Amino acid sequence: MYLLYSCCFTLAFLMALPYFLVRGFLQKKYFSSFRQRLGRDIPVEPSPGGIWIHAVSVGEVLAIVPLATALRARFPAIPLTVSTTTHTGRAVAGQRLGQLADILYFPFDWRFSVERVLNRVLPSTVLIAETEIWPNFLRVCSERSIPVLLVNGRISDRSFHRYLQIRWFIERSLRLFDRLCMQTESDRGRILRLGAPPGRTEVCGNLKYDLQVPEGIEPWLERYRDILGLRDKSLLLVAGSTMEEEEEQVLAAFHHLKKENPSAVLILAPRHPERFGEVENLLTTRGFQFQKRSSLDGKNTVRQGNIILLDSIGELANLYALADLVFVGGSLVPRGGHNILEPALFRKPIVFGPHMNNFREIADYFLSHQGAIRVRDEAELSLQLLRLARDPQLRGRLGEKAFQILQASSGATRRILDHVESVLDRKDRKPESKELR
């Protein structure tokens, strides 16, 4: 089975290689991570007995920040390693966790590259965030009696239907996890249908609800008020994690908002860094006056059309704290939506579109408890932004309710910490038998 999987993985890798080579040359990406993902040039000193957390990209990294912080506090003598798959994920991991953990790229799922990295990191326990199922990695960890825990596990609609088609294979991999900590009962039900062992699968909640306001954020915010020219009482709309064909709709809604609020400011934050140039071209060709975040140093003021293109990595989550209104992107277009919990942490009124499949349970819960507003299209987005702009008390009620929902749903970090501690306590005992065939 594993030979067949490795052949398929290699074939898929070779087919995708030209695409990544082109993007690598054009966007200066991927080359820096390639050798690490082959198990070479690992920036970690061997420290046996550590904890390794894998988080694919930015969203997963932000989700595991409270967990990594809590692990460091509970187990201060145990080395901590965090891996990512994407360049942006690694950048954010370095910013948020660089002082707590070693940061590296996750290896390609060939046995030789996995073994090289494991020989370097020498973990005693591995935590994999969300639902990353890498059969060769899991098998090698099992052979070495390294417990692997799936934390913050979730199964999206699309992934579930894909996995069902290869259930015979997925089931074998799921049985290699020591523990599967799922976000919701729905996620637990889905992964059980895929063959996860019931005795090792439970609902622990969503780590993303355990967000905490970063220490010392106030001086940071004061600095950014200066940089962004927000010293006046301008109404600030932050449109976060926007996607292709969505920016135009946000800009149209902002145009209506600005007619009634001439000093209104828009921070437009595309989801993917490789689209910064594309969105800049859109703003230019459509005649919008704007400034790029990278050009602002505190001496400039935001008065060139009152639009800021956030062409930076890792700043969006904290910039929500400055907002009066928040639109969370990937939701006006069928891309599954993005995380609404970050603005909720700062008590902000949240608006999103109809396409929140990737965050369905969270979105539905917020809507049912009056903690967010869902709009169907550009026209409704315009109306709701105007309504919120006119009513500060409504903004306050929505933001406070969002924060209360966030607080009431927290606790996943503590439950996962207890599982990690249990695993570490029984490391000297014979591990559970796991299927390797």
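What follows is a short dialogue on reading the cores, a helix and the salt bridges of this predicted model.

Colleague: Let's begin inside. Which residues have the most contacts inside the largest nonpolar core?

Modeller: A nonpolar core is a set of buried nonpolar residues joined through their side chains. Here the largest one has 40 residues, and L228, L322, I340, L341, I350 and F366 have the most contacts inside it. Helix α10, residues 217–227, gives the most to this core, with four residues.

Colleague: Could we zoom in on one of those? What does I340 touch, leaving aside residues up to four places away in sequence?

Modeller: With that filter, I340 touches V328, I350, F352, M356, I362, A363 and F366. Apart from this core lies another, of 33 residues, including A55, F75, I103 and V151.

Colleague: Now a helix. What span should α11 have, and how far apart are its end C-alpha atoms?

Modeller: The idea is to count 1.5 Å a residue and compare. Helix α11 (residues 247–260) has 14 residues and should span 20 Å; its end C-alpha atoms are 20 Å apart, so the two agree.

Colleague: Which residues of α11 are buried, and what do they pack against?

Modeller: In general, an α-helix has 3.6 residues a turn, so residues three or four places apart point the same way. In this helix the buried residues are E247, Q249, V250, L251, A253, F254 and L257. They pack against the strands β8, β9, β11 and β12 and the helices α12 and α16.

Colleague: E248 is missing from that buried list. Is E248 buried or partly exposed?

Modeller: Buried means under 20% relative accessible area. E248 has 37%, so it counts as partly exposed. Its side chain meets that of R286 in a salt bridge (2.8 Å, N to O). R286 lies in the loop between α12 and β10, and E248 in helix α11, so the pair ties together parts 38 residues apart in sequence.

Colleague: How many salt bridges does a search of the whole structure find?

Modeller: There are 24. One of them joins E400 and R347, with the closest N and O atoms 3.0 Å apart. This pair links helix α17 to the loop between α14 and β13, 53 residues apart. E400, at 28% relative accessibility, counts as partly exposed, and R347 does too, at 40%.

Colleague: And R376 with E380: which is exposed and which is buried?

Modeller: R376 is exposed, with a relative accessible area of 63%, while E380 is buried at 17%. Their side chains meet in a salt bridge at 2.8 Å, N to O.

Colleague: Which residues are linked in a network of salt bridges?

Modeller: Look at R111, E115, R139 and E143, which are linked in such a network.

How values were computed
Residues numbered from 1 in each chain as written. Predicted model: local features only at pLDDT ≥ 70, side-chain atom pairs only at ≥ 80, totals over all residues. Heavy atoms only, no water. Core = buried A, V, L, I, M, F, W, Y, C linked by side-chain atoms within 4.5 Å. Buried < 20%, exposed > 50% of the residue type's maximum accessible area, 1.4 Å probe, protein only. Helix = DSSP H or I, 4+ residues; strand = E, 2+ residues; numbered from the N terminus. Contact = heavy atoms within 4.5 Å. Expected span 1.5 Å × (residues − 1). Salt bridge = Lys/Arg side-chain N within 4 Å of Asp/Glu carboxyl O.
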